[in-house]
Each structure stands twice: as C-alpha cells, then as structure tokens.
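Visitor: I would like to learn how to read a model such as this one, feature by feature. Could you take me through it slowly?

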Amino acid sequence: AICSTRDNKSLFTASADGLLAKWDISLLKQRKATLEWYTCDHNLAVISIDACKTLDIIASGSLDGNISLRMISTGKFLDIICPLKALKEANYDIRFIRLSVRGYLIVILKSKDNIAQLTDHIAVYTINGELLCIKAVEEKVYALALEDSGYHFVTGGSSGRLLKYELLSLASDNLLEKIDGVLPGIENTFK
C-alpha cells in the first residue's frame, strides 16, 4: 500500500510483512528521498493506508484485522482499532481505510466468503477508537474516496454505480446516510 500527504512532501509505504515507513520526498525532483521513520505494527500484510496531515495521523489497516494509528510527524504510536470485533465474525477483512479531517476513520470491511454472499460493511470510528456506526452495504465495495470537506465519501462497487454517503451529526441515530444512491451527473455506465 502507498499514500502521500496532500502537500506531496511525505510518502508512506506499507508492505506484506507489516512494515510501515515514512519518506521525505520534498526533494524528489532532485531524485532524493529520505527515510524518516519506520515501524512494524502488524503481523500480516498492510493493505490500506491513509494520512491526514491536518490531524497529524497515519492509519494503516492490515489483514491481521487491526488498524494502527500513528503520528505522521514523529511516528509515535497512538492507538489500535479492531473493527472486526464489531461484526463478531471472522469472515471479514479490512479492504479500505480513509481518515477525515473531521476526525473520522471510515473503514470498508469486505467479506472473505463469496459463497455465503455476505455483504460488505462500512464502519465509522472516531480517531479515538469509538465506533460510531457500522452498516451493511448493498454491494461489494471496490473503491473508496473521501471528499475534502471530510463529511462525504463515495464508494464504487459491484453494481457499477458510485454511491455517495454523508456523515451526519453525532447526535443522530443514523450517522451514515446514503444520498440519492447515485452521484448527480453520473450514469450507470461502469458495468
């Protein structure tokens, strides 16, 4: 897995052995990259990472079922989140994670069992590890993008449609709400 900060000064790489590394790439035009720190928080492959410089947090999700949170600036360990405990099932893996500038962690959990037709789930956590909601989705999710505002995200999946979701007020029982099912101006032409 790989990601960079929005200012393209830091690059994060993660590998099959659970290693996460931060690289300074501010001098990449001069063909220079400097390793700033590295760590190994996971026992299995890291398959999704996301960095939010505003929050100074890097999140790494692994096939071991855990999401590790660290400070971007120093690499200091912050927390481990275990989203599979919320489902009480072993038939799921972390597929994607995204960090919102609003302090949310969006996690797509994918079913490992295609025969049982288990649905994928979206889980939303605070960066402090509090589970805010978990919902089954109507399809297998193959892509996840977060809008700059930090309040909306989009999934692409097996239906061939892009679905837009809104993170609502924390006081609401329905934190996660799908908006109209399809993004305006996008036709169902991705099949």
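**Reading the sheet and its contacts**

Guide: Let us begin with one pair of strands in this predicted model: β2 and β3 run antiparallel and are joined by five bridges. Across that pairing, F12 stands opposite K22 in β3, and both residues will return when we come to the side chains.

Visitor: Which strands form the open sheet, and in what order?

Guide: The order is β1-β2-β3-β4, four strands with antiparallel pairing. The edges are taken by β1 (2–4) and β4, each with a single partner strand, so one side of each is left without a neighbour in the sheet. Ignoring direction, neighbouring strands of this sheet are turned by 15 degrees against each other on average.

Visitor: How many helices and strands does the protein have?

Guide: The secondary structure comes to one helix and 16 strands. Of the 191 residues in the protein, 43% are buried, and among the contacts with a separation of 6 or more, 37% are between residues 24 or more positions apart.

Visitor: How should I read the aromatic side chains, and how many aromatic pairs are found in the whole structure?

Guide: For aromatic rings one reads the distance between centres together with the angle between planes, where under 30 degrees counts as stacked and over 60 as edge-to-face, with the rest called tilted. A search of the whole structure finds two such aromatic pairs. One of them is formed by F12 and W37, which are tilted, with 6.3 Å from centre to centre and 55 degrees between the planes. Since F12 belongs to strand β2 (residues 10–14) and W37 to strand β4 (residues 34–40), the pair ties together parts that are 25 residues apart in sequence. F12 and W37 are both buried.

Visitor: Is the pair of F153 and Y165 stacked or tilted?

Guide: The pair of F153 and Y165 is stacked, at 5.2 Å centre to centre and with 15 degrees between the planes. F153 lies in strand β14 (residues 152–157) and Y165 in strand β15 (residues 162–167), so this pair ties together parts that are twelve residues apart in sequence. F153 and Y165 are buried as well.

Visitor: Turning to charged side chains, how many salt bridges are found?

Guide: The search of the whole structure finds six salt bridges, and I will take you through some of them. K22, which we met opposite F12, forms a salt bridge with E36, with 2.8 Å between the closest N and O atoms. K22 lies in strand β3 (residues 19–24) and E36 in strand β4, so the pair ties together parts that are 14 residues apart in sequence. To judge the surroundings, recall that buried means under 20% relative accessible area. K22 counts as buried because its relative accessibility is 6%, whereas E36, with a relative accessible area of 38%, is partly exposed.

Visitor: What does the salt bridge between R70 and D41 look like?

Guide: The side chains of R70 and D41 meet at 2.7 Å, N to O. R70 is placed in strand β7 (residues 67–71) and D41 in the loop between β4 and β5 (46–52), so the pair ties together parts that are 29 residues apart in sequence. R70 is buried at a relative accessible area of 9%, while D41 is partly exposed at 23%.

Guide: Another salt bridge joins the side chains of E147 and K164, at 3.4 Å from N to O. E147 lies in the loop between β13 (141–146) and β14, and K164 lies in strand β15, so the pair ties together parts that are 17 residues apart in sequence. E147 counts as partly exposed, at 29% relative accessibility.

Visitor: What does V46 touch, leaving aside residues up to four places away in sequence?

Guide: V46, which has its place in strand β5, touches A1, A14, S15, G18, S60, G61 and S62. V46 is buried, with a relative accessible area of 5%. Its C-alpha atom is separated by 9.3 Å from that of T13, 33 residues apart along the chain.

Visitor: Where does pLDDT stay under 50?

Guide: Where pLDDT is low, the predicted coordinates should not be read in detail. Here pLDDT stays under 50 over residues 180–191, for which the model has 18 contacts beyond four places in sequence. Among the elements, strand β16 (residues 176–179) has the lowest mean pLDDT, 57, and β7 the highest, 95. The protein averages a pLDDT of 82, and 82% of the residues score at least 70.

Key. Residues are numbered from 1 along each chain as its sequence is written. This is a predicted model: local features need pLDDT of at least 70, side-chain atom pairs count only at pLDDT 80 or more; totals for chains, interfaces and linings use all residues. Side-chain values use heavy atoms; hydrogens and water are left out. Rings of Phe, Tyr and Trp (its six-membered ring) pair if their centres lie within 6.5 Å; planes under 30 degrees apart count as stacked, over 60 as edge-to-face and the rest as tilted. Helices (H or I, at least four residues) and strands (E, at least two) are DSSP runs, numbered from the N terminus. Buried means under 20% relative accessible area, exposed over 50%, partly exposed in between (1.4 Å probe, protein chains only). A salt bridge is a side-chain nitrogen of Lys or Arg within 4 Å of a carboxyl oxygen of Asp or Glu. pLDDT is the predictor's confidence in each residue, from 0 to 100. Contact means heavy atoms within 4.5 Å. Two strands pair if DSSP finds at least two bridges between them. Axes are lines fitted to C-alpha atoms, for helices over the stretch in contact, and angles run from 0 to 180 degrees between N-to-C directions.
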